[in-house]
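Colleague: Could you pick one part of this model and take me through it closely? I'd like one connected account rather than a tour of everything.

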Amino acid sequence: MPVWSRNSKRISKALLSGALALFCATQAQALSCLPMGPGDVYRIVSKSEDPFVIIEGRVTFDEALLPTYSEAAPQATKEPVEIPAQVSGLMLGDRMFDQPVEGEITLEAHCLGPWCGALVSDARYLFFARQQEGRVVAVVEPCGGFFFDAEDGSAGDTVLQCHRGRACPSKLPDTLEGAQQVPALD
């Protein structure tokens, strides 16, 4: 059984698309992103039916492959760009990040108009990725969405808190979400 299949949950493409649309919006030449945190994303994926994994580790890829918007060819960034990447780290298991992960993933980089998702190669991230057609695909979008800096450990602590059924902190405005209890995912 591939390492990606163990301890996975499900996240739907429709839910991912809806989350991208909900959390990213363009307004009069400016991109406005809601301040989504790891607890918010955890809640989204915990309610989904498609498989997903949560990984904390180093992601390495060719940054030159990330899409960039060009006034001369605005249609060039309409479709997502798939970028091969390597990950080395730990995947979330039953109670903690304890499943070693070493292997290939696909970064799916999106643009919304002139704003494109970006990551730094060889940096440590906590990220949410879906299993799709035998591959692991991690969405990179302009508002950050599914990737969080893992250097200080706070994103991992938040996910563990949510995963264990404790209060799951939100960065969304209180009118949209607020901190909630999430049932532990077994």
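**A close look at one strand**

Modeller: Let's start with V101, which counts as buried because its relative accessibility is 1%; buried means under 20% relative accessible area, exposed over 50%, and partly exposed in between, using a 1.4 Å probe and protein chains only. Before going on, bear in mind that this is a predicted model, where local features need pLDDT of at least 70 and side-chain atom pairs count only at pLDDT 80 or more, while totals for chains, interfaces and linings use all residues. Residues are numbered from 1 along each chain as its sequence is written, and side-chain values use heavy atoms, with hydrogens and water left out.

So where does V101 sit? It belongs to strand β5, which covers residues 97-109. Strands here are DSSP runs of E, at least two residues long, numbered from the N terminus, and two of them pair if DSSP finds at least two bridges between them.

On one count, β5 partners β4 (residues 81-92): the two run antiparallel and are joined by 12 bridges. They make a hairpin, with four residues in between. For a handle on the register, look at S88, whose bridge partner in β5 is E102. Going back to V101, its C-alpha atom is 9.9 Å from that of Q86, and the two residues are 15 apart along the chain.

Then there's β9 (residues 135-140), which pairs with β5 in the parallel sense, over four bridges. Here the residue to find is E108, whose bridge partner in β9 is V139. So β5 has an antiparallel pairing with β4 and a parallel one with β9.
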